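Reader: I'd like to go through this one with you, strand pairing to begin with. Where do we start?

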Amino acid sequence: MIGALLALPVLGSGPAEETFTLRAREVHTVSGARLEDSSVGVRDGKISGVGRGAGGRVLEGGSLTPGLIDAASTAGIAGGSNEESSEVAPSLRVLDALDPKSRAMERLARAGVTTVYVSPGTRGVIGGLGAVVKTAGASLETRVVVPAAALKAAMGDDPSRGNIPIRFGTPTSFYFRRPTSRMGVVWLFRKAFFDAAAYRERGRSGDEDMEILLQVVDGKRRLRLTARRLNDIRTTLRLADELGLKVEIDGADEAHRCAEELAAREVAVVAGPIPTTPVRARFAEVDEPCLGNAALLAKAGVLLALTAGDRDGEEALPGQALFAMRYGLPFDAALRAVTLDAARILGVESRVGSIEEGKDADLVLWEAAPFASRPLAVLIDGRLVYDAASDPDAAAREGR
Amino acid sequence: MIPLLLGLLAAGPSAGKVAVRAGRIVPVVGPEIRDGVILIEDGRITAVGREKKEGTEEERRPGEPPFLEVPWDATAIDASEQTVFPGMVEAHSFRGLDRPNENVPVTPFVTVLDAIDPVSFYFEDALRDGITTILVIPGNNCVIGGQGRVLKPYGRTAEAMTVKPEGGMKLSVSPKSGFTRLSQMAELRKTFADLREYRERVLERKRDEREEEKTKAEREGRKSEAKADADLVREDDLDARKRPLVDLVEGRMAAFVWCERAMDVAHAIEVARENGFLARTTLVLGPEAWKAADEIKACGRPVVLDADLVHLEEDALTGEEKRAFVPRVFHERGIPFALQTQASTLGSRFLWYQAAACVRNGVPREAALRAITITPAEILGLGARLGSIEPGKDANLLLLTGDPLDAQTWVDRVILEGEVVYERSKDERLRRLLEGKDAPREEKGK
């Protein structure tokens, strides 16, 4: 009776790096050809060989993929992800809010998600700096891939929803300072970049907020915008033109409606999570949910990643990929969107996202096909962070 | 919405003789058949086997499906590239209702008939996703919630959708909002005690009438027919509001008892046993109720599992997360279980997905397939009519593009009682969901 409910293996405190040989009927390298009945070697936390093992412990499965990457996760933030004291706060760092022992990260690692971009939430117009981290590892320090990654901003409803307009008297709450409409959101965004330009013109220095905005202007830092509706996506593109910014978009529920334009302008999109039910009322922010969003974006040639956002269990990233495929995304495109292309969007493709010699040993060994079957083993930086065989209740797994 | 439904209604040949040629038949009961044929007459399956090719003298080996001759006047349906699977059955749902529960705690006299919305998205989606039979029953937020009805997701009125009017009574042993477990159980006990008293009162009255009649007959020199106590009370003698509960305690109505937690299971069994309806009870379980699997096994009744198949909880001592895959617990104990859907997540709104999740988590494929077909059919008392592809059963068939449990498989057509009632190629709303609002529309021939 009790046997069916057993403690799960603790992640992050597992054995140190070992030497592994992973064998699978299909090895999806993503960057290169698909290998049949092949092996991948892991040594010192890196991939030491593709097509040849490295000796050591042998793990076998149906297929092998790179560790999955969620390019717009909310996992692991302790407390709120929105700093409400200011609507423009470029120098805030999400890393300061990350809980290395968070349950959500544990679950992601178990599901095969090994790297995530986590960012401040969408209540601020400019929320702060995201971080790219691994979902498990010896310590948070070793898990960090990029401590101060893309700057996060948001368009549309999210930063203005629920804010109280000034009607009379003196503002007594910081809510009064917040934008109450789409216009106000855009104005604050634009003003931040005007202020940065003025700051530079006057030859000033020492203001970290301004320095970060100027890094974005100079193309030295990525800018991630959440824009859900078509009009918000168009606003984003207009602002990018006006201020000379390169942007990438998440949220993006209606991006399929301007897929060609996004492709032509080389704007990357992080799509998802997929609407769970096609009933419109649940997505009041979006005119009409489109299950084929990711498929239509990929078809148009947009650089695409998938995200599960805050979804868990069956709706975690493998589930998103599985259903993106059901709704029209070809398998190869789905795999790229949760590995190498996600890594490209995050600018970490030299370390993760494909099975290549010298890259981080972040790997998922699946029982059969990727996404449709369960992970048998998950490695992060050469450490076995999930092993179905030593799971005390191997059949009682995350029911995706 | 309305034009879409009209489109769906207009599809398909009329009933009569139909022959479905299938690339693969997954009958759930019995072995799979490759290149088979299913013969249908007047909405019922008459034979399942392989087609007899003219001029060949193939011998049927023992254990193999029979060779069948397709009648010359049968409407042929070609599914030779497809997999045919029985229409799926959902044994418990309160979707498709206007609102699932009354405010009043004890309402055995209400019926979902009055709250079914035939044009709700739930029914449209159910058909598209291969669910052909659903018990729609009041929600769990009740003491005695009212009567359910077994429906097919096709038809413009609740009456037209009805497969079986007597779906069963909904009861809850877990507290309704505003109740505690103490007051919930007190309310249940009181209701049944009142019922007993009421029935005794009626019986007493009928006995008095019998006596009167007897005396009167004697006085008039007639011979009177003295009825036995058991035959004395007729349906008309009972208050219409009490009749459904009388049906329940006299074993004429099935019961679906909601048990949110493991601690509720014993109470559910007690209430059902004391009031004589245990033999017709199905337990509807919350995710944590798996911990009472041994008690459930002992009472010998089937269960409908929560749509959340995984039960997660934190160990109070160590803080570690513990996980149980619920259907596996019931499978291992040999307790018949049915799966249900919910609207709130990506996969669990599909019955096939729920079964696929079972397989991925160590439940044998056959048991998982049964949990979305024959087991729920048996729970609804329709095991002889639904849930498998066998001669004598209703011709509710899904023509699938692949294996029933593969996430890349689509329902291509749905045959309901011998009629094609859904075709994916004509499903405009699905096309729009997949291709987006601005997708250029093809001009349909008019």
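Author: Let's fix the strand terms up front. Two strands pair if DSSP finds at least two bridges between them, and helices (H or I, at least four residues) and strands (E, at least two) are DSSP runs numbered from the N terminus. This is a predicted model, where local features need pLDDT of at least 70 and side-chain atom pairs count only at 80 or more, while totals for chains, interfaces and linings use all residues. Residues count from 1 along each chain as its sequence is written, with chains lettered from A and ligands numbered from 1 in the order written.

Reader: Which residue is the bridge partner of Leu171(B) in S10(B)?

Author: Start with S9(B), residues 162-172, which is joined to S8(B), residues 144-151, by six bridges in an antiparallel arrangement. There, Leu151(B) has Thr162(B) as its partner. S9(B) also pairs with S10(B), residues 255-259, this time in the parallel sense over four bridges. Across that parallel pairing, the partner of Leu171(B) is Val257(B).

Reader: Which residue in the turn between S13(B) and S14(B) has a positive phi?

Author: S13(B), residues 310-314, and S14(B), residues 321-325, pair antiparallel over five bridges. Glu314(B) sits opposite Glu321(B) there. The two strands make a hairpin with six residues between them, and the turn residue with a positive phi, about 80 degrees, is Gly319(B).

Reader: Is H2(B) largely enclosed or largely open?

Author: A residue is buried if 20 or more other C-beta atoms lie within 10 Å of its own, exposed if 12 or fewer, and partly exposed in between, with C-beta atoms placed from the backbone. The buried residues of H2(B) are Tyr122(B), Phe123(B), Glu124(B), Asp125(B), Ala126(B), Leu127(B) and Arg128(B). The cover over them includes S7 (131-136), S17 (411-416), S18 (419-423) and H13 (428-435) of chain B. Seven of the eight residues in H2(B), 121-128, are buried, so the helix is largely enclosed.

Reader: And which residue with a positive phi follows H2(B)?

Author: Head past the end of the helix, which spans residues 121-128. The residue there has a positive phi near 90 degrees, and that's Gly130(B).

Reader: Why does Arg189(B) count as neither buried nor exposed?

Author: Arg189(B) lies in H4(B), residues 181-220. The C-alpha atom of Glu274(B), 85 residues away along the chain, is 9.7 Å from that of Arg189(B). With 14 C-beta neighbours inside 10 Å, Arg189(B) counts as partly exposed.

Reader: Which strand gives the most to the side of domain 1 of chain B that touches domain 2 of chain B?

Author: Chain B divides into domain 1 (2-87 + 393-435) and domain 2 (88-201 + 234-386), bounds that come from an automatic or database domain assignment. In this split, 19 residues of domain 1 of chain B are in contact with 20 of domain 2 of chain B, contact meaning C-beta atoms, placed from the backbone, within 7 Å. S17 and S18 of chain B each supply at least two residues of the domain 1 side. The one that gives the most, with three residues, is S17(B).

Reader: How far apart are the centres of domain 1 of chain B and domain 2 of chain B?

Author: Taken over C-alpha atoms, the centres of domain 1 and domain 2 of chain B are separated by 30 Å.

Reader: Over in chain A, how are H3(A) and H4(A) oriented to each other?

Author: H3(A), residues 182-201, and H4(A), residues 208-217, have axes that come within 9 Å and cross at roughly 100 degrees. Axes here are lines fitted to C-alpha atoms, for helices over the stretch in contact, and angles run from 0 to 180 degrees between N-to-C directions. Under 35 degrees counts as roughly parallel, over 145 as roughly antiparallel, 65 to 115 as roughly perpendicular and the rest as oblique. H3(A) and H4(A) are therefore roughly perpendicular.

Reader: How many charged residues are in the contact of H3(A) with H4(A)?

Author: From H3(A) come Ala192(A), Phe193(A), Asp195(A), Ala196(A), Tyr199(A) and Arg200(A), meeting Met210(A), Leu213(A), Leu214(A) and Val217(A) in H4(A). Ala, Val, Leu, Ile, Met, Phe, Trp, Tyr, Cys and Pro count as nonpolar, Asp, Glu, Lys and Arg as charged, and the others, Gly among them, as polar. The contact has eight nonpolar residues, no polar ones, and the charged number two.

Reader: Which are the edge strands of the open sheet S6-S7-S9-S10 in chain A?

Author: The four strands run in that order with mixed pairing. Inside the sheet, S7(A), residues 113-118, and S9(A), residues 131-134, pair antiparallel over four bridges, with Val118(A) opposite Ala131(A). Each edge strand pairs on one side only, and these are S6 (68-73) and S10 (144-146) of chain A.

Notes. Contact = placed C-beta atoms within 7 Å.
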